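Take a moment to look at the sequence and the 3D structure below. Then read on with the picture beside you.

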Amino acid sequence: MYYTTFFVGTAGSGKSTLANIYSKWLGEQNIDVVTVNLDPGARYIPYTPDVDIREYVVLEDVMDAFNLGPNGGLVACVDMMVNFIEEIKKEIDDLGATHVLVDTPGQLELFAFRESGPIVTSSLGGTQSAVCFLMDPFLTRTPQGFVSIMLLGASIQYRFFLPQLTVLSKSDMLTGREIQKIIGWALDPQTLIEAIENETQGMKREMSLGICDALAKIHMFDVPIPVSSTKLEGLDNLQAALERIYTGGELAT
Ligand SMILES: Nc1nc2c(ncn2[C@@H]2O[C@H](COP(=O)(O)OP(=O)(O)OP(=O)(O)O)[C@@H](O)[C@H]2O)c(=O)[nH]1
Ligand SMILES: [Mg+2]
């Protein structure tokens with residue numbers, strides 16, 4: 001029995017760093033945790049994953065074998081991942097941890113928008129699974145950027161249909177005011193609508209308001225959890241939100 005968390009987000013949003021820091025955070029509480037790297041193209045990962053897709057699929061080998069460039073190679077690697085999913089699952093099972101943290105490929109679209117993504121999440125899912133969607137702080141601080149990243153979050157939700165929470169990643173790069181503003185937009189989308197009305201016009205404005213309306217209708221304005229992996233802030237809130245998903249509130253140790 002284990003709980004699986006998939007860290008998903010745009011390139012460079014902080015997935016690997018958070019997977020590493022959060023695994024240490026859980027480890028310090030004597031929670032058994034396993035880290036899984038699913039990025040076949042990762043050159044450097046800030047931790048040594050317990051289970052690593054690169055032991056099965058290596059980007060350079062695939063590029064050489066099929067005469068592909070880096071992007072085509074990555075697509076092929078991600079598609080090939082499903083062939084090894086049983087072995088990866090067995091490795092995870094054998095480690096016998098209660099928490100499994102899965103670091104997903106840098107190019108979000110490769111994981112989320114290929115057929116293999118949902119196959120991988122359903123195969124590696126434990127007793128309960130969750131997607132941790134990381135929002136990039138720079139994109140998030142303007143109303144239009146916030147709307148577009150919320151739309152991306154909705155798209156991820158629509159692909160995986162797993163419980164999902166939104167992390168405002170690298171929160172140390174935002175001021176307290178900016179964080180409060182972003183949280184305010186999610187809590188009360190009317191404030192977001194006002195910001196859009198003030199800051200955009202024409203087609204941009206129409207489209208932003210239309211998307212806001214659609215997101216509100218499908219309840220996709222998830223309130224983001226600010227987390228800083230470098231300052232070790234917000235990890236307690238992240239853990240509490242994940243535990244609520246996994247156990248309905250009780251700590252899963
Ligand atoms: N200031 C700050 N920088 C961070 C934080 N988390 C990650 N970074 C930095 O952001 C950069 C990208 O972090 P990664 O963890 O590699 O991001 P990623 O999403 O795994 O990147 P890809 O797998 O390449 O898509 C690195 O330089 C990290 O040091 C954070 O909480 N605060
Ligand atoms: Mg990474």
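What follows is a walk through this structure, from the overall picture to single residues.

Keep in mind that this is a predicted model. Begin with the whole protein. It has twelve helices and seven strands. Its radius of gyration is 19 Å, and the globule rule gives 18 Å for 253 residues, so the protein is as compact as a globular protein of that length. Along its principal axes, the C-alpha trace spans about 55 × 45 × 30 Å. Buried residues account for 49% of the 253 residues. The accessible surface adds up to about 11,900 Å². Carbon and sulfur atoms supply 53% of that surface.

How do parts of the chain meet? Take the contacts between residues at least 6 apart in sequence. Of these, 74% join residues at least 24 apart.

Now turn to the sheet. Strands of a sheet pair through backbone hydrogen bonds, either parallel or antiparallel. Here seven strands form an open sheet, and the pairing is parallel. In what order do the strands stand in the sheet? The order is 3-2-4-1-5-6-7. The edge strands are strand 3 (51–52) and strand 7 (225–226), and each of them pairs on one side only.

Look at one pair within the sheet. Strand 2 (residues 33–37) and strand 4 (residues 99–103) run parallel and are joined by five bridges. One of the partnerships links valine 33 to histidine 99 in strand 4. Helix 1 (residues 15–28) packs on the sheet. Helix 1 touches strand 1 (3–9), strand 2, strand 4, strand 5 (128–135) and strand 6 (164–168). The direction of helix 1 makes about 165 degrees with that of strand 4. Another helix crosses the sheet too. Helix 12 (residues 235–247) lies across strand 1, strand 4, strand 5, strand 6 and strand 7. Helix 12 runs at about 145 degrees to strand 5.

Strand 6 deserves a closer look. Is strand 6 enclosed or open? Five of its five residues are buried, so strand 6 is largely enclosed by the rest of the structure. Both faces of strand 6 are covered. On one side, Gln164, Thr166 and Leu168 are buried. On the other side, Leu165 and Val167 are buried as well.

Strand 6 also has partners in the sheet. With strand 5 it pairs in the parallel sense over five bridges. Valine 131 stands opposite glutamine 164 of strand 6. With strand 7, strand 6 pairs in the parallel sense over two bridges. There, leucine 168 has proline 226 of strand 7 as its bridge partner.

Leucine 168 leads on to a helix residue. Threonine 140 sits in helix 7 (residues 137–140). Its relative accessibility is 0%, so threonine 140 counts as buried. Which residues does threonine 140 contact, leaving aside neighbours within four places in sequence? They are Met135, Phe146, Ile149, Leu168, Ile182 and Trp185.

Next comes a pair of helices. Two packed helices are described by the angle between their axes and the distance between the axes. Helix 9 (residues 176–187) and helix 10 (residues 189–199) pack at about 110 degrees, with their axes 5 Å apart. That angle makes helix 9 roughly perpendicular to helix 10. From helix 9, Gly184, Trp185, Ala186 and Leu187 take part in the meeting. From helix 10 come Pro189, Thr191, Leu192 and Ala195.

Finish with residues in loops. Asparagine 30 lies in the loop between helix 1 and strand 2. Asparagine 30 is not a glycine, yet it has a positive phi of about 60 degrees. Is asparagine 30 buried or exposed? Its relative accessible area is 72%, so asparagine 30 is exposed. Lysine 170 lies in the loop between strand 6 and helix 9. Lysine 170 is not a glycine either, and its phi is positive at about 50 degrees. Its relative accessible area is 26%, so lysine 170 is partly exposed.

Histidine 219 is in the loop between helix 11 (202–217) and strand 7. With a relative accessible area of 70%, histidine 219 is exposed. Histidine 219 and alanine 154 are 65 residues apart along the chain. Their C-alpha atoms are separated by 9.3 Å.

Technical notes
Residues are numbered from 1 along each chain as its sequence is written. Chains are lettered from A and ligands numbered from 1 in the order in which they are written. This is a predicted model: local features need pLDDT of at least 70, side-chain atom pairs count only at pLDDT 80 or more; totals for chains, interfaces and linings use all residues. Side-chain values use heavy atoms; hydrogens and water are left out. Two strands pair if DSSP finds at least two bridges between them. Helices (H or I, at least four residues) and strands (E, at least two) are DSSP runs, numbered from the N terminus. Contact means heavy atoms within 4.5 Å. Axes are lines fitted to C-alpha atoms, for helices over the stretch in contact, and angles run from 0 to 180 degrees between N-to-C directions. The radius of gyration is taken over C-alpha atoms; the globule rule is 2.2 Å times the number of residues to the power 0.38. Buried means under 20% relative accessible area, exposed over 50%, partly exposed in between (1.4 Å probe, protein chains only). Accessible areas come from the Shrake-Rupley method with a 1.4 Å probe; for residues, only the protein chains shown count as cover. Angles under 35 degrees count as roughly parallel, over 145 as roughly antiparallel, 65 to 115 as roughly perpendicular and the rest as oblique.
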